[in-house]
Every structure is written in C-alpha cells, then in structure tokens.
Amino acid sequence: MTGFKSASVKTQKKSACTLAEWQDALRCGEIAPSNLLQSLALREDDPAWITRLDAARLQSQLDELALLLKRVDGDISRLSLYGIPFAVKDNIDVAGWPTTAGCPEFAYIAQSDATTVKRLREAGAIVVGKTNLDQFATGLVGTRSPYGAVPNSFHPEYISGGSSSGSASVVARGIVPFALGTDTAGSGRVPAGMNNIVGLKPTRGWLPTTGVVPACRTLDCVSVLALTVQDAEYIADIAAGFDNRDAYSRVRSKSAPIGFPARPRFGVPQSPEFFGDTEAADAYARALAIAQEMGAEIVPLDFALFSELASLLYEGPWVAERFSAVQSLWERNPDAIHPVVRSIVERATGFSAMDTFNAEYRRAELSMLVDAVMANVDALFVPTSPTIFTIDQVLADPLVLNSRLGIHTNFANFADMCALAVPAGMRSDGLPAGITLLARAWHDKALAKFGRRWQSYVSTREGYDKLGATGRSYSASKENVPPPASNTIRVAVVGAHLSGMPLNHQLTSRGAAFVEATSTTNEYRLYALANSTPRKPGLVRVAPKEQGSSIAVELWDVPVGNFGSFTAEVPSPLGIGNLSLIDGRTVKGFICEPFGLTGAEDITSFGGWAAYLASL
C-alpha cells in the first residue's frame, strides 16, 4: 500500500485509500495510528477544515484507542475501524472539540460525542478534523461560511456543493476514507455528486441525531460520505441503531427489503430540467442508458408532486425549525449570522400557527400521493444536481441558484425516503456528474446493493472508473481482486468470524489476511441460530424456485498449513463448503446444515449479520 506519507493536496490526491486498504495497512503494521498526524498533513490553509487534529487531540485519542485494544486482548481485528481516520462535519459534536456550525460566535466545546461519532470511535476510528459547511447547514453550495468557500475538488473556480462541503472535499481528495455529514434537503448528496464520491442519506431516524446542531430537527439525517458504496454502507451499519436520547430515532424495519428485482423499475423525471447545462443533460442520458443495460426499466414520471413537496421545505413554515436553532444567537447578535442564512431564517416570523398546520396538511396529502407513485416503481433515478455553478455565480445570486440545485433532493425527507448518490462519470469539461437513487423508507440495503452493482458495472468504462478526485481506478470487479496466494485458501465468513466479531481471532491468530468485503449471489438465506454461544448465523443456499437474497460476507486468506485447525473449530451444524459470490467467483465459506435451523430466526432481510446485530 502506498501514499500514506503525502505532504500536499496534490500528493494526497494520488493516495486515496478505501476502508479495506486502510484496514490492511494498519493491521499489517505498514502505518501506525501514532503517525496519522504526520501522514495526513492537514494544511492550515485548506478551507475544508474548521478545526484540525493537533498533537494533544491525537494523543488523547491514541490513549483511548490503547484502552479499547486492551479490552479486546490486543486483537486489532476485533476493532473494525482500528486507527482509521475520519472527518466530522462541524455541526456534529466531538467531545473536547469546538462545534461551530460554521459560525464562530455560536461555538461551544462539546462535552460528549454525538451518538454516531461515539459508535465509530468505539470501533477504533480517530477523528482528524471538523469540516467546513454552509452555516447552520443552510445551503447546497458550500459558500455560506465565514471560514471561506470550499472549492470543488476538480476545479477550484466551481462550488463544492453543500452544506457538507468540507466533508465531501476531504474524502474526494483522499485525506480520509470517509466523513460524516448531515442531509436535511440534499446536503449529503449534492456535494457527493459534485466531488465524484458516494453520499449515503439514510432513512430518517436510522442514524441518531443526538449531538447534532439541528437544522430542521424533524427532518435531519446524519449522512456518510465515502469513496465507495461498500464503504459508506459499512460505516452506516456501525453508526446506526436506535438511540433513546433522540426523540426522532427509529428502529429499522425487520421486513425491509435488501434488494430490487432483477429488472428494477426506476422512475425518472418526464421532462428533466438542467437549466441549459447540456453537459449535465448528456451525462444523465448516458447514465440512463447504462441503467437500462443493467436491466432496469425506465418509467417517466410527472415530477410536479415532488416539486411541490420540495417547495414546502424552504418556502413554507418549516423554516421556523431553522430559526429555532439560531434564535438565541439572532436575538443577541444577529450580525453574527451569515447574511444569506439570516435572510432565510428570518422568514420564520412571517408564518402563523395556522399557516404551519395548513402546510402540514398539504405535506401529508402530497406525501400520500408520492407514496402511491412510489408503489409503482422500485426507486427514483435522478441527476444528483441539475447543474453546477462557479463560486462567483453563486455569490452573485445566492438564493435562486441554490434553490435550483435541490430540485431532486429537497423532497426526500418530507416523503420519508432514503437516498444514495453515486458517481456517474466525468463530463467533457472535466467536472464530475452524479446520479441519485431514492426509495421508500428502510430500502437502504436495496439501494446499497444496486449502488455496489452500479460502481462495479461502470468501473470498466472510460470516465467512470475513478474514486473521488484522486485519479485512482475503482477496483471492485473480480479481475481486479488479487487471487489468493498459492499457500493460502480463501474463505468467506458470514457471522462471528467477521472483523470485530468474537471469533475473528480464530482467523488472525492463524495468520489469515483480510481480502475484501463482498456479498454472495442472491441464492441464499440467513438465519440467527438458536442456542449458540457466541451468537452465530447459519447461511443456507436455497433452490431456484425459492426466494433467496445476496448476503454480506468477508473474504480472508488462510494459510494452508492452518486451514485444518481452523475448520476443526467449526461446530455443528456449521461447516465449510462452496459459496458463490455476486461477481461470479466461487470460494470456500461457511454453510449450515438444514437440521440446525430448528428454532432459528430468518434474518435474510437484514442482508448480513452485522446489520442484524445493529438492529438489536
């Protein structure tokens, strides 16, 4: 693995590493967590950062990491994010760090971690900085900050998108493998699309918002920005789960689908609006053609319902939620608020209680109509943003141009949808294009499964094969995964042997090496076995006439000399057989004998053991 000793943005742009690559480097000792500060070279003049890691904060986290490692008997593999750096949008609390929400006069020192941050740090991750944003997460442009506008990672004259501008930038430039953002009206998707990375907006309430400065508290979501769908989903699974301190937290539906049909139906705008941007229109047309190649049926829809629903968010009384978050600051020092942000939140004073209820009635009516439309398609397939503007253009016309960027994002949380933004190739002018998939609540796994397919499918196409702004090729196809060494046997693990799970030490103690996270074909069902200690799943291949699904697995290379002792520890009803992977490979892996399913719970809908455990 190369690229960890970068010392400039240019070098960093050549050294982006996925989560698995970071995990490999840290576990094999190529880089130690204590070298993070020097290796990342967090620049003072980089507008993506508001607060950067310093020696004291690094040492504090290293001390915490040492305690975590002691609790798992020094087994690094039991900390799934051991030593991995990440960034946090500066409206999300990190204990001992200032939270500014993009406003110096609002700043306070957080007394505890936000729930999502806490869960990631408990898995071993290290916070390396708090990132810039459109102030109070109000904007889709990345220019509304006293800390400076965050430039696009491909062309500095263009906007990065917002409000999670800094988080998108540091991921796209390879400084960190993932970052947290927020997404109330598109703030985690628009910057992902403009910087050629993945933006995961979960079902509202799946990732808790405890410790997040509210934008619109009833609609806010913590989002994940990463280089790949696989990484974004991995992080979301760790950070997600019910939190009784968050009044809007929700328990993931156990009946949630984990995949779309082989021929999914995607709803698309009947008359998409690109505001004269032919490059954006051409990129979307190419993406639609690829979706059809992948077997999707394209269903044109009248987007008037979605547009009306979206207009309620910024033009209706929900702006009072934004005002509520800043009211005390506004009352004592209104000039501290960015003038564009202030002009937006002050509209709250123009709405009465009656206006609010009438708007809520209309929102409910529109949401019901949208549900009826969504019942006829599996997901929406839309441009992440209809165009992209220069920073100067946005500064000259900040309200109108901002509103144009959200036409395919603003309605998502009102309509109780999850969403996934993925790269859709490069435009001929050198800027990235992106598409977003939106589906009904709790279809997160189905979106991720298609998103992984999308990234793998387009990886061989010119202009589609890059991760962020790094110039690195995306490598998800089986041809780009190195074969097992001649003295090892590749094994797929599905449950207690996964990274960070209780039995993973049975692999690492035998010198097994992690290869990648992937999934099976859609011919399997997963069960939580009864009376097993530690808790274990059973993976069963089903007949073609039965309904199977793709299940998440990890691949490990086990030295041949240790393979026998490893399999000797596999208890009945489990065994080692042949597993078929989603990309066509066949490997050895855990299977379950049918008699072991007595009293077992069918957990196939979760798509994997980690997701199931996170729901408990």
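Start inside the model: the lining of the largest cavity holds 11 nonpolar residues, five polar ones and one charged one. What you have open is a predicted model, so every stop below is a computed feature of that prediction.

**Stop 1: the largest cavity**

Select Ala280, Ser385, Pro432, Ala433 and Gly434; of the 17 lining residues, these are the closest to the centre of the largest cavity. The space here comes to about 160 Å³. Now colour helix 7 (190–194), helix 9 (278–293) and strand 13 (432–440), each of which supplies at least two residues of the lining. Which element gives the most to this lining? Strand 13 does, with four residues. If you like hunting for enclosed spaces, the count is eight cavities of 30 Å³ or more.

**Stop 2: the largest pocket**

Next, move to the largest pocket, with about 1,000 Å³ of space. It is lined by 44 residues, and Asp237, Ile238, Met501, Ala610 and Ala611 are the closest to its centre. Show the elements that give two or more residues to this lining, among them helix 4 (55–71), helix 8 (229–239), helix 16 (444–458) and strand 20 (552–559). Helix 19 (609–615) is also one of these elements, and the largest share of the lining, six residues, comes from helix 19. Colour the lining by residue class and you should find 23 nonpolar, 11 polar and 10 charged residues.

**Stop 3: Ala240**

Follow the chain to Ala240, in the loop between helix 8 and strand 9 (265–269). Is Ala240 buried or exposed? Ala240 counts as buried because its relative accessibility is 6%, under the 20% cut-off. Leaving aside neighbours within four places in sequence, show the residues in contact with Ala240: Arg119, Trp206 and Leu207. For a distance to try in the viewer, draw a line from the C-alpha of Ala240 to that of Gly83: the two are 20 Å apart in space and 157 residues apart in sequence.

**Stop 4: aromatic rings**

Select Phe260, Phe266, Phe274, Tyr284, Phe381, Phe450 and Trp454, which form one aromatic cluster. The model's count of aromatic pairs is 18. Take Phe260 and Phe266 as an example: their ring centres are 6.2 Å apart and their planes are at 80°, making the pair edge-to-face. Phe260 counts as buried because its relative accessibility is 16%, and Phe266 also counts as buried, at 0%.

For a ring with a charge over it, go to Trp97: Arg57 lies over its face, at 4.6 Å from the ring centre.

**Stop 5: backbone details**

Most residues other than glycine have a negative phi, and most peptide bonds are trans. Here are some places to look for the exceptions.

- Select Ala101, in the loop between strand 3 (98–99) and strand 4 (108–109). Its phi is near 55°, a positive value in a residue other than glycine. Ala101 counts as buried, at 0% relative accessibility.
- Select Phe136, in the loop between strand 5 (126–131) and helix 6 (165–172). The phi of Phe136 is positive too, near 55°, and Phe136 counts as buried at 5% relative accessibility.
- Stay in that loop for Ser163. The peptide bond from Gly162 to Ser163 is cis, with omega near 0°.
- Finish at Pro534, in the loop between strand 18 (524–528) and strand 19 (537–541). The peptide bond from Thr533 to Pro534 is cis, with omega near -10°.

Conventions:
Residues are numbered from 1 along each chain as its sequence is written. This is a predicted model: local features need pLDDT of at least 70, side-chain atom pairs count only at pLDDT 80 or more; totals for chains, interfaces and linings use all residues. Side-chain values use heavy atoms; hydrogens and water are left out. Rings of Phe, Tyr and Trp (its six-membered ring) pair if their centres lie within 6.5 Å; planes under 30 degrees apart count as stacked, over 60 as edge-to-face and the rest as tilted. Buried means under 20% relative accessible area, exposed over 50%, partly exposed in between (1.4 Å probe, protein chains only). A charge sits over a ring if NZ of Lys or CZ of Arg is within 6 Å of the ring centre and within 35 degrees of the ring normal. On a 1 Å grid over the protein atoms alone, a cavity is a set of points where a 1.4 Å probe fits but cannot get out, and a pocket is an open set with protein on both sides within 12 Å along at least five of seven lines; lining residues have an atom within 4 Å of a point. Grid points are joined across faces, edges and corners, and a volume is the space filled by probe spheres set on the points. Ala, Val, Leu, Ile, Met, Phe, Trp, Tyr, Cys and Pro count as nonpolar, Asp, Glu, Lys and Arg as charged, and the others, Gly among them, as polar. Contact means heavy atoms within 4.5 Å.
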